[in-house]
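This report describes one protein chain in plain terms. Look at the sequence and the structure first, then read on.

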Amino acid sequence: MRSDNPPIIRLDDYRPSDFLIDRVDLDIRLHATETRVSAVLALRPNPAGSPDAPLVLDGDEVTLLAAALDGRAI
């Protein structure tokens, strides 16, 4: 989420992503008062990342309506 004082991120702070994204399928529905986006992601662990890293979904000004893993609600 955004904040008034975002943290400073330096090049030294970067590391390999814990997950690789192989595919993204988007369904975008536009309306005069709202936009609804459904996304299906194909992810896999990155061998160069942390093997026990959690998957964190992060977004600005979005509301998560549902999430599923391998077709099962989580």
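In which loop is E61 found? E61 sits in the loop between β2 and β3. The model is a predicted one, and the values below were computed from it.

**Overall form**

The protein chain has 4 strands and 0 helices. Read from the N terminus, its elements follow the order β-β-β-β. The radius of gyration of the protein chain is 16 Å, well over the 11 Å that the globule rule gives for 74 residues, so the chain is more spread out than a compact globule. Taken along the principal axes, the box filled by the C-alpha atoms is roughly 45 × 35 × 20 Å.

Of the 74 residues in the protein chain, 7% are buried. A residue counts as buried when its relative accessible area is under 20%, and as exposed when that area is over 50%. The accessible surface of the protein chain is about 7300 Å², and carbon and sulfur atoms account for 54% of that surface. Contacts along the chain can also be sorted by sequence separation: among those between residues at least 6 apart in sequence, 47% join residues at least 24 apart.

**Two loop residues with positive phi**

E61, in the loop between β2 and β3, has a positive phi of about 55 degrees, although E61 is not a glycine. D70 is another residue other than glycine with a positive phi, here near 55 degrees. D70 belongs to the loop between β3 and β4, and β4 covers residues 72-73.

Are E61 and D70 buried or exposed? E61 has a relative accessible area of 73%, and this value is over the 50% cut-off, so E61 is exposed. The relative accessibility of D70 is 77%, which means that D70 also counts as exposed.

**The segment before β1**

The strand β1 spans residues 19-30, and P6 has its place in the segment before β1. I8 is found in the segment before β1, and R15 lies there too. How exposed is each of these residues, in relative accessible area? The table gives the values, together with a C-alpha separation for each residue.

| Residue | Relative accessible area | Partner | Apart along the chain | C-alpha separation |
|---|---|---|---|---|
| P6 | 59%, exposed | D52 | 46 residues | 27 Å |
| I8 | 64%, exposed | R36 | 28 residues | 31 Å |
| R15 | 54%, exposed | A53 | 38 residues | 13 Å |

P6 is exposed because its relative accessible area, 59%, is over 50%. The same cut-off applies to I8 at 64% and to R15 at 54%. As for distance, the C-alpha atoms of R15 and A53 are separated by 13 Å, with their positions 38 residues apart along the chain.

**The largest pocket**

What is the volume of the largest pocket? The volume of the largest pocket is about 1400 Å³. The lining of this pocket has 26 residues, and the closest to the pocket centre are A39, L41, L57, L64 and A66.

Which strand gives the largest share of the lining? β2 does, with 8 residues. β2 covers residues 35-45 and β3 covers 68-69, and each of these strands supplies at least two residues of the lining. By residue type, the lining of the largest pocket holds 16 nonpolar, 5 polar and 5 charged residues.

**Putting it together**

The predicted chain is built with strands and no helices, and it is more spread out than a compact globule, since its radius of gyration of 16 Å is well over 11 Å. β2 supplies 8 residues to the lining of the largest pocket, and the loop between β2 and β3 holds E61.

Methods: Residues are numbered from 1 along each chain as its sequence is written. This is a predicted model: local features need pLDDT of at least 70, side-chain atom pairs count only at pLDDT 80 or more; totals for chains, interfaces and linings use all residues. Side-chain values use heavy atoms; hydrogens and water are left out. On a 1 Å grid over the protein atoms alone, a cavity is a set of points where a 1.4 Å probe fits but cannot get out, and a pocket is an open set with protein on both sides within 12 Å along at least five of seven lines; lining residues have an atom within 4 Å of a point. Grid points are joined across faces, edges and corners, and a volume is the space filled by probe spheres set on the points. Ala, Val, Leu, Ile, Met, Phe, Trp, Tyr, Cys and Pro count as nonpolar, Asp, Glu, Lys and Arg as charged, and the others, Gly among them, as polar. The radius of gyration is taken over C-alpha atoms; the globule rule is 2.2 Å times the number of residues to the power 0.38. Buried means under 20% relative accessible area, exposed over 50%, partly exposed in between (1.4 Å probe, protein chains only). Contact means heavy atoms within 4.5 Å. Accessible areas come from the Shrake-Rupley method with a 1.4 Å probe; for residues, only the protein chains shown count as cover.
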